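The exercises below concern one protein chain. Each gives a task and then a solution in steps.

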Amino acid sequence: MFVLFDIGGTNMRVGASADGQTISQSKIIPTPQGFTDGVKQLKQIAQKLSEGEEITGVAGGIAGALDKTKSILVASPHLTGWVNQPLKVELERIFDCRVELENDANLNGLGEAVNGSGKGKKVVAMITLGTGVGGARIVDSKLDKNIWGFEPGHQVIIPEGNLCNCGGKGHLEAYVAGSYLEKIYQKKAEDIKDDAVWDQIAKYLSIGLNNLTVFWSPEVIILGGSMIKSLPFEKVRTYLKAELKIFPTPPKIVLATLGDEAGLYGALELLK
Ligand SMILES: [Zn+2]
């Protein structure tokens, strides 16, 4: 039995896989703010889900930057109570088995690439459009090697442009992510009905996807996250095609299919 988890800024999801291939069941709770409480609740849910079966592997993602050994969360704007706590060591102590940790956006991308819309593709780019913009490059069903993770949301698309939450200027995120749209247009993405506004957002996103394509050379770009319900995809495709001249054809743009469970599937991949 494998135990899988996805600790986000808002919710914590815990799942179990009996066969090592599929998620048999999962449970979601609001993410505990304190580390000790969080680990305790994770343990309780895991024990319930495993129904007394032996747990032989634990893996999961957490929202924030991990140290180089992938053992400790070193920075996270939404999970300050978990920062600099011995997460991996504590989980190894509690479960007495192999434990693997990764950044949550990376696992989300890995899950979609291997089990969702990217299944069977060699080079996959995953972009998550939500409160912010995240993403990952997956090659041959594995997260591509990296030093600090992947941050496609923080590529510059407009020199000296809008201020980004990271402190930089003109970053993609500051033009297309939900929290910024709310600031710019004074309403939530799903409440923006003006076609001209969406046309502009599609244009900005296509610039980001063009940059991503010339650097990452993906076969497919998967778009996920809460914003995808509102985005005009055809426009994004059209603009990208117009922008990208150096490759004979642009990568396919597809929607994520695993929803909130993508991170659990990504976690399962870490244990394979
Ligand atoms: Zn930024």
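**Exercise 1. A glycine in a loop**

In which loop does G168 lie? Classify its exposure as well.

G168 sits in the loop between strand 10 and helix 4 (173-176). Helices (H or I, at least four residues) and strands (E, at least two) are DSSP runs, numbered from the N terminus. For the exposure, count C-beta atoms, placed from the backbone: a residue is buried if 20 or more others lie within 10 Å of its own, exposed if 12 or fewer, and partly exposed in between. G168 has 15 other C-beta atoms within 10 Å and is therefore partly exposed. Its C-alpha atom is separated by 8.5 Å from that of V156, twelve residues apart along the chain.

The model is predicted: local features need pLDDT of at least 70 and side-chain atom pairs count only at pLDDT 80 or more, whereas totals for chains, interfaces and linings use all residues. Residues are numbered from 1 along each chain as its sequence is written.

**Exercise 2. Two positive phi angles**

Find the loops that hold E51 and S141, and describe the backbone and exposure of each residue.

Start from the general expectation: most residues other than glycine have a negative phi. E51 departs from this with a phi near 45°. E51 lies between helix 1 (35-50) and strand 4 (57-62), and it is exposed because 11 other C-beta atoms lie within 10 Å. S141, also not a glycine, has a positive phi of about 65°. S141 belongs to the loop between strand 9 (133-139) and strand 10 (142-143). With 17 C-beta neighbours inside 10 Å, S141 is partly exposed.

**Exercise 3. The sheet**

What is the strand order of the open sheet of five strands?

The order is 10-9-8-11-12, with mixed pairing. Two strands pair if DSSP finds at least two bridges between them. Strand 10 and strand 12 (252-255) are the edges, each pairing on one side only. Strand 9 and strand 10 run antiparallel and are joined by two bridges. V139 has K142 in strand 10 as its bridge partner.

**Exercise 4. Helix 3 and helix 8**

At what angle do the axes of helix 3 and helix 8 cross? Then describe the surroundings of both helices.

Axes are lines fitted to C-alpha atoms, for helices over the stretch in contact, and angles run from 0 to 180 degrees between N-to-C directions. The axes of helix 3 (residues 104-115) and helix 8 (residues 262-271) cross at roughly 85° and come within 6 Å. The two helices are therefore roughly perpendicular, a class that spans 65 to 115 degrees.

Contact requires C-beta atoms, placed from the backbone, within 7 Å. Residues of helix 3 that meet helix 8 include L107, L110 and V114, and those on the helix 8 side include L264, Y265 and E269. Helix 3 also lies across strand 8 (123-129), strand 9, strand 10 and strand 11 (220-224), at about 50° to strand 9.

Nine of the ten residues of helix 8 are buried, so this helix is largely enclosed by the rest of the structure. Among the buried residues are A262, L268 and L270.

**Exercise 5. The domains**

How many residues does each domain give to the contact between them?

The domain assignment, from an automatic or database source, gives domain 1 (2-108 + 261-271) and domain 2 (120-256). Their centres, taken over C-alpha atoms, are 27 Å apart. Domain 1 contributes six residues to the contact and domain 2 contributes nine. On the domain 1 side, helix 3 gives the most, with three residues.

How values were computed
Two residues are in contact if their C-beta atoms, placed from the backbone, lie within 7 Å. Angles under 35 degrees count as roughly parallel, over 145 as roughly antiparallel, 65 to 115 as roughly perpendicular and the rest as oblique.
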